[in-house]
Amino acid sequence: MKDMLKYKGYYGSIHFDEEDLILFGKVEFIKALISYEGESAAEIKKSFEEAIDDYLVMCEKESLDPEKPFKGTFNVRIGEALHERAVIAATGRGIKLNEFVKQALEHELRA
């Protein structure tokens with residue numbers, strides 16, 4: 001994934017601040033704001049990993065469940081007509097709409 005870091009199931013962005021000549025980013029796909037920065041690729045990677053480790057330690061100390069970036073469910077707004085077509089197609093194949101959507105996503109995301 002371009003311009004993203006990954007560690008312990010969390011993803012972080014990487015941006016460049018031309019004025020201050022630093023790299024910075026935040027953990028993506030969760031509500032908590034976790035940011036980090038560094039002056040080199042090695043520094044931002046280390047800072048990102050430390051930020052994740054600190055977040056997980058904080059959650060443990062405070063008896064909180066850490067947010068997970070991907071829960072396995074999501075809502076999609078597709079409009080009535082497409083919804084109807086998808087349900088009819090799924091029913092015609094003898095599967096539920098969720099399975100139909102899962103298969104469509106798997107098909108589109110094959111590398």
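**Note on charges and the hairpin**

1. Glu43 is partly exposed, at a relative accessible area of 42%. Glu43 sits in helix H1, which covers residues 41-61. This is a predicted model.

2. Glu43 belongs to a negative surface patch. The other members are Glu18, Glu19, Asp20, Glu37 and Glu39. Residues enter a patch only with over 30% relative accessible area and no salt bridge. Glu43, at 42%, therefore clears the area cut-off.

3. Now the hairpin. Strand E1 (residues 4-7) pairs with strand E2 (residues 10-13). The sense is antiparallel, and the pairing runs over 4 bridges. Leu5 faces Gly12 of E2 across the pair. There are 2 residues between the strands, and Lys8 has a positive phi near 50 degrees.

4. Side chains of opposite charge can pair when their charged atoms come close. How many salt bridges does the model have? The count is 4. Three of them are described below, in points 5 to 7.

5. Lys8 of the hairpin forms a salt bridge with Asp53, with the closest N and O atoms 2.8 Å apart. This pair joins distant parts of the chain: Lys8 is in the loop between E1 and E2, Asp53 is in helix H1, and 45 residues separate them. Is Asp53 buried, partly exposed or exposed? Asp53 is partly exposed, because its relative accessibility is 25%, and the buried class ends at 20%.

6. Glu49 and Lys45 form a salt bridge within helix H1, at 2.7 Å from N to O. They are 4 residues apart, so about one helical turn separates them. Glu49 is partly exposed at 21% relative accessibility. Lys45 is partly exposed too, at 43%.

7. Glu50 and Lys46 form another salt bridge, at 3.6 Å from N to O. Both residues lie in helix H1, 4 residues apart, about one turn of the helix. Glu50 is partly exposed, with 39% relative accessibility. Lys46 is exposed, because its relative accessible area is 52% and the exposed class starts over 50%.

8. Which residue of helix H1 should be read together with the hairpin loop? Asp53, the partner of Lys8. For the negative patch, the residue to look at in helix H1 is Glu43.

Key:
Residues numbered from 1 in each chain as written. Predicted model: local features only at pLDDT ≥ 70, side-chain atom pairs only at ≥ 80, totals over all residues. Heavy atoms only, no water. Patch = residues over 30% accessible without salt bridge, like charges linked within 9 Å, V, L, I, M, F, W, Y side chains within 5 Å. Areas by Shrake-Rupley, 256 points an atom, 1.4 Å probe, with all protein chains shown as cover. Salt bridge = Lys/Arg side-chain N within 4 Å of Asp/Glu carboxyl O. Lys, Arg positive; Asp, Glu negative; His and termini not counted. Charge placed at Lys NZ, Arg CZ, Asp CG, Glu CD. Buried < 20%, exposed > 50% of the residue type's maximum accessible area, 1.4 Å probe, protein only. Pairing = 2+ DSSP bridges.
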